[in-house]
Amino acid sequence: MSETYESYLTYPKGIKSWLFTLDHKRIGLMYLFAVMFFFFIGGVFAILIRLELLTPAETIVGADTYNQFFTLHGAIMIFLFIIPAIPAALGNFVLPLMLGAKDVAFPKLNLASFYVYVFGSLFAIYSIITGAVDTGWTFYTPYSTESTTSVISMTLGVFILGFSSIFTGINFIVTVHKLRAPGMTWFNQPLFIWGLYATAIIQVLATPVLAITLVLLILERTLGIGIFDPAMGGDPVLYQHFFWFYSHPAVYIMILPGMGIISETITVFSRKKIFGYKAIAFSSLAIAFVSFLVWGHHMFTSGQSEIAAMIFSFLTFLVGIPSGIKTFNWLATMYKGQISLEAPMIYTLSFLFLFTIGGLTGIFLGALALDVHLHDTYFVVAHFHYVMVGGTVMAFLAGLHYWWPKIWGRMYNERLAQISAFLVFIGFNVTFFTQFILGTQGMPRRYYNYLDQYQPLHAFSSFGSWIMAAGFLLMGYYMIHSLFKGKKAGKNPWGALTLEWTTPSPPPHHNFDEIPKIEHGPYDYDKILVERD
Amino acid sequence: MSEKHKEHILPLKVYLGVAAALMFLTAITVAVSFVDLGGWNALVAVGIATFKALLVALFFMHLLYDKKINLFVFSISLIMVGVFITLTMFDTLRRADLYDITDGPINKNAKMYENMPVDSTAGEHH
Amino acid sequence: MSDHAANRPEFLAHHFSTVEQQRDSAKLGMWIFLLTEILLFGGLFCAYSVYRAWHPDMFYNAHKFLNVQLGTLNTVVLITSSLTMALSIRFIQVNDKKKAILFLVSTLIFASIFLIVKYFEYSHKFHLGQLPGKYYTFNGVEGSNPHIFFSIYFAMTGLHGIHIIAGMIVLVWVLVKMINNNFSAEYYTPVEMAGLYWHLVDLVWIYLFPLLYLIG
């Protein structure tokens with residue numbers, strides 16, 4: 001490969017070559033900008049929520065507006081940021097490179113997936129501008145059928161976004177099945193691929209049910225079909241079954257790709273072979289499958305039958321096992337490894353600590369008797385932020401920093417990254433550990449007003465949100481700065497063994513000059529000496 | 001040169017035979033619906049429909065002749081629909097179970113029931 | 001192995017190594033898409049199961065107002081359209097483009113017949129006031145909340161009808177390409193994919209028909 005080459009960033013040229021690109025790297029990059037934008041918007045709503053909750057009763061806005069804040073924070077973060085973030089942004093970029101492929105199986109479908117995402121997001125933005133929604137991101141009936149806010153445009157937006165997710169899922173499954181480089185078997189492909197593959201399985205199985213749920217909700221609002229309305233013989237709990245059949249597996253769409261990233265970074269930054277490759281691979285599949293059997297644990301206090309509640313509770317305990325297996329295997333990977341603490345590893349260690357807390361508290365909530373007390377309290381809010389932020393976002397940031405030099409050909413400022421990681425970690429725990437306590441003391445979620453006794457903890461939590469915000473703002477600064485002034489990166493700045501590190505940084509348009517030959521496994525640090533480049 | 005060995009071309013009579021079978025089964029389904037089998041009607045109807053569906057999937061859609069992964073994908077979709085309906089109906093059909101519990105006495109051996117009117121087995125104090 | 005070999009067919013995309021790989025990928029991708037469609041309809045089948053189990057008598061009474069003859073006719077029509085679709089593909093497999101086009105057109109004709117029959121069924125119901133949800137005004141069904149049956153009926157057949165229309169659009173697109181000589185025995189993957197989609201639409205109806213029209 002000659003020194004002068006055109007990377008995917010500069011070749012082909014022109015705005016049309018970006019708008020009509022079929023290059024998975026460019027599509028991944030456009031997704032990255034989009035999800036980062038919505039992460040920022042969702043974050044703004046988060047800060048507003050915590051500002052309002054500094055004092056009981058009104059601090060900055062009235063109750064109706066507050067309801068819109070938490071609804072939009074949830075809907076934007078879930079549908080516009082976290083679900084697409086790792087698969088569509090990082091996954092699109094890395095997956096074909098890791099497999100030694102030229103592109104994904106269906107490049108046009110990939111571009112379509114991006115434009116469908118943009119189209120769906122426009123509906124969501126329209127909804128926000130025309131009165132937003134105040135139903136909570138879960139759109140529970142009967143309120144969602146009666147609320148005078150812009151429910152239909154938001155649910156239509158989410159409906160459309162679902163197709164983007166489905167298209168990505170179809171693409172990834174077929175790519176992993178059919179486009180691995182010769183010699184790359186199922187069991188010597190990187191674990192990030194297994195994570196993306198399991199995620200894709202959930203995406204294609206679960207998202208259609210969300211689609212039909214939202215269609216029925218829209219029909220309920222427009223035609224009054226009544227299937228969720230008791231006055232017309234309908235059942236509001238049936239809505240919850242429909243909604244959670246998607247939304248529970250959806251949380252595994254959020255975490256599985258993150259876990260895949262952790263398998264990558266932990267091996268590279270421990271310079272050690274992964275412990276229990278097959279256990280981790282099969283655990284990903286097990287999580288994908290069992291995730292479909294536990295949705296009723298969101299409904300323990302809804303009035304569902306006792307026997308259903310017991311079955312769901314039992315299965316919920318089961319679904320924690322593969323995640324536990326993975327966590328132990330990651331720890332074992334680190335044991336006697338050669339640890340280096342750059343930003344990807346700091347985020348990886350944060351993940352291990354925070355996801356463990358999040359995952360364990362999920363098991364607490366899976367216990368029927370305990371959930372009766374904790375359901376709809378801040379304990380639940382803390383739990384899911386520990387898994388979604390402490391888990392997925394930390395993993396996303398680990399991956400973003402890890403693959404940053406490959407994507408841009410530039411290194412970020414390591415010192416600033418470490419400071420930022422520290423701020424985010426501290427800020428996160430101040431914000432959310434406090435909420436476990438608030439929850440066990442009885443503070444309900446989604447409440448605008450609260451008893452005076454909760455104020456000190458609320459104020460402390462809000463203070464944490466500012467520390468987190470500072471960390472993220474610093475991150476935005478040094479990342480943008482690195483694009484212009486960052487040190488140029490070589491092919492393999494981390495000394496990793498997966499295929500994406502054999503191409504230049506940034507990669508050329510066609511990824512590889514020749515189809516790569518697979519001569520070693522992705523984690524053979526015990527067999528191969530690889531230098532940082 | 002394309003690899004023709006993978007493209008299995010079915011003889012015409014297979015297609016026509018399957019179509020004829022489908023029409024025949026349709027006639028059967030309609031006929032059976034006029035016979036009162038009680039609760040079995042639904043099962044028979046779904047059973048025949050499933051057989052028809054398998055004919056379409058295996059022959060018209062070539063699943064019998066294609067790579068097994070496609071059959072696997074099709075099967076998984078049906079299984080997941082089954083899981084959805086089954087687990088949901090564990091709730092919807094068993095909600096009334098609660099009344100068996102709330103309608104019954106809290107402690108069958110409690111002394112207080114000895115002095116209560118005969119119709120008061122529900123455990124409430126009259 | 002260089003992928004700029006002179007004998008690389010035009011229809012082979014740059015990121016695939018062989019025609020077989022491309023074809024298998026398209027097929028797998030299409031089956032996964034069909035999986036999503038099955039899950040989509042599955043939600044409605046779930047709603048159907050839940051409400052029928054709760055109100056078996058009302059469902060029985062309400063369904064009597066569906067026209068079994070028209071339903072049976074539509075079943076026969078759709079099965080025939082599946083046959084003609086399968087035949088169209090078989091004929092392109094042996095390079096008989098004329099017959100392939102003939103059977104593709106036949107499929108479209110049968111699809112249209114299906115929609116026309118559905119139109120008559122729907123307008124009859126509208127006329128009687130057997131409409132979904134809050135627009136329901138019909139009085140002839142015994143049992144509580146009979147509108148639930150009709151809401152589910154319209155949701156299921158409506159969603160199915162939308163898929164018939166979408167399928168017809170795809171078939172027209174394939175037909176145009178076939179007339180323009182884009183397909184041959186060597187390459188007919190889009191026809192095959194359209195065929196798979198069309199058969200799925202038939203599959204859904206195979207279940208809808210007995211569950212809605214033939215409730216014991």
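Trainee: How many residue pairs are in polar contact across the interface of chain A and chain C?

Mentor: In this predicted model, the rule finds 10 such pairs across the interface of chain A and chain C, with both partners at pLDDT 80 or more. On the side of chain A that touches chain C, the elements that give two or more residues are α6 (151–178), α7 (191–223) and α8 (236–268) of chain A.

Trainee: Which element gives the most to that side of chain A?

Mentor: That is α7(A), which contributes 10 residues to the side of chain A that touches chain C. If you sort that side by class, you find 25 nonpolar, 5 polar and 5 charged residues.

Trainee: How many residues does each chain bring to this contact, and what area is buried between chain A and chain C?

Mentor: Chain A brings 35 residues and chain C brings 33 residues, while the area buried between the two chains is about 2,800 Å², with carbon and sulfur atoms giving 74% of that value.

Trainee: How many salt bridges are counted between chain A and chain C, and which side chains meet there?

Mentor: The count is 1 salt bridge, in which the side chain of K178(A) meets that of D24(C) at 3.6 Å, taken from N to O. A salt bridge here requires the nitrogen to lie within 4 Å of the carboxyl oxygen, so the 3.6 Å between K178(A) and D24(C) satisfies the rule.

Trainee: Which residue of chain B forms a salt bridge with D24(C)?

Mentor: The partner in chain B is K67(B), whose closest N and O atoms with D24(C) are 2.5 Å apart. D24(C) therefore appears in a salt bridge with K178(A) and also in one with K67(B), each pair meeting the cut-off of 4 Å. Across the interface of chain B and chain C, the rule finds 3 salt bridges, together with 5 residue pairs in polar contact, again with both residues at pLDDT 80 or more.

Trainee: Which elements of chain B supply at least two residues to the side that touches chain C?

Mentor: They are α1 (12–33), α2 (40–60) and α3 (68–92) of chain B, and α3(B) gives the most, with 14 residues. By class, the side of chain B that touches chain C divides into 31 nonpolar, 11 polar and 8 charged residues.

Trainee: What area is buried between chain B and chain C, and how many residues are in contact?

Mentor: The buried area is about 4,400 Å², of which carbon and sulfur atoms give 75%, and the contact joins 50 residues of chain B with 49 residues of chain C.

Definitions and conventions:
Residues are numbered from 1 along each chain as its sequence is written. Chains are lettered from A and ligands numbered from 1 in the order in which they are written. This is a predicted model: local features need pLDDT of at least 70, side-chain atom pairs count only at pLDDT 80 or more; totals for chains, interfaces and linings use all residues. Side-chain values use heavy atoms; hydrogens and water are left out. Contact means heavy atoms within 4.5 Å. Buried area is the accessible area (1.4 Å probe) that two parts lose on being put together, summed over both. A polar contact is a pair of N or O atoms within 3.5 Å; within protein, one must be able to donate a hydrogen and the other to accept it, and residues adjacent in sequence count only if both atoms are side-chain atoms. Helices (H or I, at least four residues) and strands (E, at least two) are DSSP runs, numbered from the N terminus. Ala, Val, Leu, Ile, Met, Phe, Trp, Tyr, Cys and Pro count as nonpolar, Asp, Glu, Lys and Arg as charged, and the others, Gly among them, as polar.
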